[in-house]
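Visitor: Please take me through one part of this model slowly. I would like a close look at how its strands pair up.

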Amino acid sequence: MQDKKLYKLFGIGILAFLCFSTEGCRNSDFDLSNIDATLGFGSDSISFPGNSSTDSIKLNDVLKLDNSDCVSILGNGDYVFNKENNDIAAANPTINKVSIKSHSINTYTVSMFSSYLSKSHSLRSNISTASFNGKITAFNYSYSNVPSAILALDYMNVNSNITVTLSLSSELKRNISKLNSLVFTLPGFMDIGSAKYNGQPVSLNANNQITLTDVPTANNIVISLSVKGMNMNAQENIDANNKINFTKGESINIIGNVDINGTFDTSGITASIVPSACVISGIMEIDDMSISGATGKFSPSIDFDNIGKVDLNNIPDFLNDNAVNMDLYNPTIILNVQSDLPLKGLISGTLTSKYDGKPDVSVNVPQFSVNANTTTKVCICKNKAALTDKYDEVVEIPNLSDIIKSIPKSITFGNITAKGDGSITSTIEMGKIYTVKPTYKVEAPLAFSSDAKIVYNDTLDGWNKDVKKLSIDNKVQFSADVVNQVPVYLSVTAQAIDVNKQPISNSDISIEIKPTVPAYNPITKEAGTTQLVINITQNKKNAFKNLDGIIFKATGAAQAEGHSAVEGVTINAYYQKLLLKNIKAKIYGKIIADFE
């Protein structure tokens with residue numbers, strides 16, 4: 001165990017050299033108490049030259065995960081920050097059905113001879129065929145509680161039945177046995193699913209007209225209509241008496257007339273006819289109108305409490321120091337949003353990191369789209385150009401790293417504003433409860449941007465039982481040639497501690513470790529190399545006798561003074577290594593070992 005800790009301090013055998021041995025005194029059981037003597041060595045300095053080296057130290061030997069549930073090592077060795085949540089409550093957008101119960105009906109009478117009577121109100125004798133026309137019924141629907149999610153209407157799917165009955169007067173029946181033709185003209189906005197004349201199917205022409213021929217007058221004439229839709233953009237038969245109007249957020253108003261026209265023979269009419277009594281009267285029966293679906297522009301609310309929350313536990317030590325800055329090169333939030341809504345959804349919100357004892361950190365997420373009737377893969381990222389996977393939607397947020405620079409207790413995508421895209425035309429089923437369900441994953445390879453830092457802290461102790469037997473007048477110096485294959489700049493600071501694990505003042509013992517170790521260069525593929533020198537200086541006489549060990553902090557940073565930042569290279573547990581060569585030690589001043 002002591003060897004491993006020494007490697008973490010770049011292989012510097014501090015305790016070993018203080019005990020005048022390169023190997024034996026690394027064993028914490030080494031005991032000088034049985035040597036009964038006091039020995040003095042040297043005058044100015046004693047050197048311990050050597051060509052010893054460490055084995056290559058994999059990053060995994062240093063940066064332990066400590067059972068973290070949010071940082072893992074992939075099969076290729078890359079460190080990655082990831083946490084997901086698939087248990088997010090779905091949103092259920094809907095637009096309520098519209099049932100129009102408020103309607104009115106007016107009926108009219110059409111005279112058969114109004115155009116053919118003389119001023120004396122007698123029938124002109126010079127005609128053999130007569131024609132008639134006029135409005136027979138009128139209806140009016142109104143609805144004043146239109147759902148606000150309906151922005152525009154092109155077509156309404158409706159379910160309504162209309163029956164128009166023509167009642168023929170007895171004078172008409174006595175004098176006119178049949179009508180040569182009878183035409184019903186319906187409002188152009190009405191889309192008729194089926195039509196029947198006295199129970200038999202009939203068809204409509206392009207002008208929304210039903211044409212009958214050789215119609216007997218002995219009985220009433222009944223036209224049954226099944227209305228399947230209302231075309232808001234119809235052009236035929238549209239005037240002041242036939243119109244449909246939608247006012248956003250307010251009302252739907254429908255006004256329609258049923259007109260008739262036709263012809264009949266006058267050759268068999270007797271002189272005793274009373275022309276003014278030959279009339280057709282209209283009777284209309286009409287259902288409430290239920291709007292079950294529509295084509296137009298809609299923007300239903302898509303209500304989420306949040307789109308995802310992840311709790312972060314068991315943070316590895318190297319990411320838990322106050323000095324850590326997780327300025328990652330390209331952190332990502334991956335959303336898979338499954339939607340059966342038949343129109344595009346629009347979502348925006350806020351990513352919020354929560355901490356214990358310090359303010360929350362939030363980043364606004366601008367609006368992005370979720371496709372209709374499918375699963376949309378959305379990537380919220382810091383650096384779009386660095387993505388390798390394909391996504392349906394990519395949202396680039398340059399300051400996304402802010403939410404993770406210091407590891408929070410949780411990251412939530414909340415403050416959601418979500419709705420249907422009201423700018424495009426779509427068709428929706430009204431009254432249906434749709435489902436929009438997301439999954440949420442925070443994913444970030446530990447590849448750094450320029451301000452990133454990770455910190456490794458450790459303690460080497462238990463030295464005092466041996467160190468207290470030594471008197472060193474000045475300082476101990478160690479050096480090693482470092483070969484760094486990790487894409488971070490390495491710097492180390494250290495503090496001496498006493499047997500109570502309390503820091504020893506720098507005025508008593510100071511520790512200096514220089515210089516910063518250069519980073520691996522991913523462009524040239526060259527390792528960073530330098531000679532690392534550690535000076536442990538006794539500034540107060542006999543202060544070394546209180547020394548029990550040191551606490552040290554090793555910082556890996558993406559940039560260092562005078563050097564270019566190393567960005568976008570993921571740290572790797574297995575292939576990125578440190579190597580220490582030519583480890584040496586030198587003790588300045590006289591050494592007295594008291595073995596009494």
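Guide: What follows is a walk through two open sheets, strand by strand. Keep in mind that this is a predicted model.

Start with the sheet of 4 strands. Read across it, and the order is β20-β26-β22-β23. The sheet is open, and its pairing is antiparallel. Now look at the edges. β20 covers residues 308-311, and β23 covers 361-370. Each has a single partner strand, so one side of each is left without a neighbour in the sheet. From one strand to the next, the twist averages 15°.

Next, zoom in on one pair inside this sheet. Strand β22 spans residues 345-354, and strand β26 spans residues 410-420. These two run antiparallel, and 9 bridges join them. To see one such match, find Ser348. Its bridge partner in β26 is Thr417.

Now move along the chain to the other sheet. This one has 3 strands, in the order β29-β35-β32. It is an open sheet too, and here the pairing is antiparallel. β29 (453-460) and β32 (489-497) are the edge strands. Each of them pairs on one side only. The twist from one strand to the next averages 15°.

Zoom in once more, on β29 and its partner. That partner is strand β35, residues 549-557. The two pair in the antiparallel sense, over 8 bridges. For a landmark, pick out Val455. Opposite it, in β35, stands Thr555.

Conventions:
Residues numbered from 1 in each chain as written. Predicted model: local features only at pLDDT ≥ 70, side-chain atom pairs only at ≥ 80, totals over all residues. Heavy atoms only, no water. Pairing = 2+ DSSP bridges. Axes fitted to C-alpha atoms, helices over the stretch in contact; angles between N-to-C directions.
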